[in-house]
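Here is a short briefing on one protein structure. Look at the model first, then work through the points below by topic.

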Amino acid sequence: MLSYSQTSIQWSEATMRYNKNNIFFGIIIFIALTLAYLGDPLKGPIFPCIFNKLTGLYCPGCGMTRAVHSIMHFRFKNAFRYNMLIFLTPPLLVLYYFTYTRNKVQSKKILAITLVLAIVYGIARNINLFAYLQPTPIK
């Protein structure tokens, strides 16, 4: 049986790993957002989509960099046209992040909803009936 001090040390180590992961992912997100802000995805892709290059189909993330760039420059209409998931996915992922430590079942449901939404969106935007979902610029 673990003593109080051993349990406290184990919990402390888990918290440290969790905090290190948060810092690492925070730095990665900051760098990606900085590149998306400074670069101009209309002049050339900042992060080219490998799936689109290989298959010619649009993945659920196609247009996301342009959408982030547009949001950072307060062009919300353009962001919506590039990839409307930009307004749904981040709030769901933030909700997932905050529920993960408190309620694993709830967080798994949120993640499943996000994944199903992305998969359905990815399939729909490649069907001619839903061609308006493809990333298109607004002039």
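From the N terminus on, the elements of the protein chain run α-α-α-α-α-α. This is a predicted model. The chain holds six helices and zero strands.

**The chain as a whole**

- The protein chain has 139 residues, and 20% of them count as buried.
- About 10,100 Å² of the protein chain is exposed. Carbon and sulfur atoms supply 72% of that area.
- Take the contacts between residues at least 6 apart in sequence: 49% of these join residues at least 24 apart.

**The nonpolar cores**

- The largest nonpolar core has six residues. They are Ala-36, Ala-67, Val-68, Ala-79, Tyr-82 and Ile-86.
- Two helices each supply at least two residues of this core: H3 (64–72) and H4 (76–82).
- A second, separate core has five residues. Among them are Met-84, Leu-85, Ala-124 and Leu-133.
- Which residues does Ala-67 contact, leaving aside its neighbours within four places in sequence? The partners are Ala-79, Tyr-82, Asn-83 and Ile-86.
- Ala-79, Tyr-82 and Ile-86 belong to the largest core along with Ala-67.

**Helix H3 and the loop after it**

- Helix H3 has these buried residues: Ala-67, Val-68, His-69 and Ser-70.
- His-69 lies in helix H3. Its relative accessibility is 6%, so His-69 counts as buried.
- Not counting residues up to four places away in sequence, His-69 touches Ala-36, Tyr-37, Gly-39, Asp-40, Pro-41 and Arg-75.
- Phe-74 sits in the loop between H3 and H4.
- Phe-74 has a positive phi of about 60°, although it is not a glycine. Most residues other than glycine have a negative phi.
- Is Phe-74 buried or exposed? Phe-74 is exposed, because its relative accessible area is 67% and the cut-off for exposed is over 50%.

**Pro-60 and its partners**

- Pro-60 is found in the loop between helix H2 (50–55) and H3.
- Pro-60 counts as partly exposed, because its relative accessibility is 27%.
- Pro-60 and Leu-85 are 25 residues apart along the chain, yet their C-alpha atoms are separated by 7.9 Å.
- Leaving aside neighbours within four places in sequence, Pro-60 is in contact with Asn-83, Leu-85, Ala-118, Tyr-121, Gly-122 and Arg-125.
- Leu-85 in that list is also part of the second core.

**The cysteines**

- A disulfide is a covalent bond between the sulfur atoms of two cysteines.
- How many disulfides does the structure hold? The structure holds zero disulfides.
- Cys-59 is in no disulfide. The nearest cysteine sulfur to Cys-59 belongs to Cys-49, 3.6 Å away.
- Cys-62 is in no disulfide either. Its nearest cysteine sulfur is also that of Cys-49, 3.4 Å away.
- Why do these pairs not count? A disulfide needs two cysteine sulfur atoms within 2.5 Å.
- Cys-59 counts as buried, because its relative accessibility is 17% and buried means under 20%.
- Cys-62 is buried too, with a relative accessible area of 6%.

**The nonpolar surface patch**

- A nonpolar patch of about 650 Å² lies on the surface. Its residues are Leu-93, Leu-111, Leu-115, Ile-119, Ile-123, Ile-127 and Leu-129.
- Which helix gives the most to the nonpolar patch? Helix H6 (residues 104–124) does, with four residues.
- Leu-93 lies in helix H5 (residues 89–100).
- Leu-93 is partly exposed, because its relative accessible area is 40%.

**Thr-114 in helix H6**

- Thr-114 is found in helix H6.
- Is Thr-114 buried or exposed? Thr-114 counts as buried, because its relative accessibility is 8%.
- Leaving aside neighbours within four places in sequence, Thr-114 is in contact with Thr-89, Leu-92 and Leu-93.
- Leu-93 thus appears twice here: Leu-93 is a residue of the nonpolar patch, and Leu-93 is in contact with Thr-114.

Notes: Residues numbered from 1 in each chain as written. Predicted model: local features only at pLDDT ≥ 70, side-chain atom pairs only at ≥ 80, totals over all residues. Heavy atoms only, no water. Patch = residues over 30% accessible without salt bridge, like charges linked within 9 Å, V, L, I, M, F, W, Y side chains within 5 Å. Areas by Shrake-Rupley, 256 points an atom, 1.4 Å probe, with all protein chains shown as cover. Salt bridge = Lys/Arg side-chain N within 4 Å of Asp/Glu carboxyl O. Buried < 20%, exposed > 50% of the residue type's maximum accessible area, 1.4 Å probe, protein only. Core = buried A, V, L, I, M, F, W, Y, C linked by side-chain atoms within 4.5 Å. Contact = heavy atoms within 4.5 Å.
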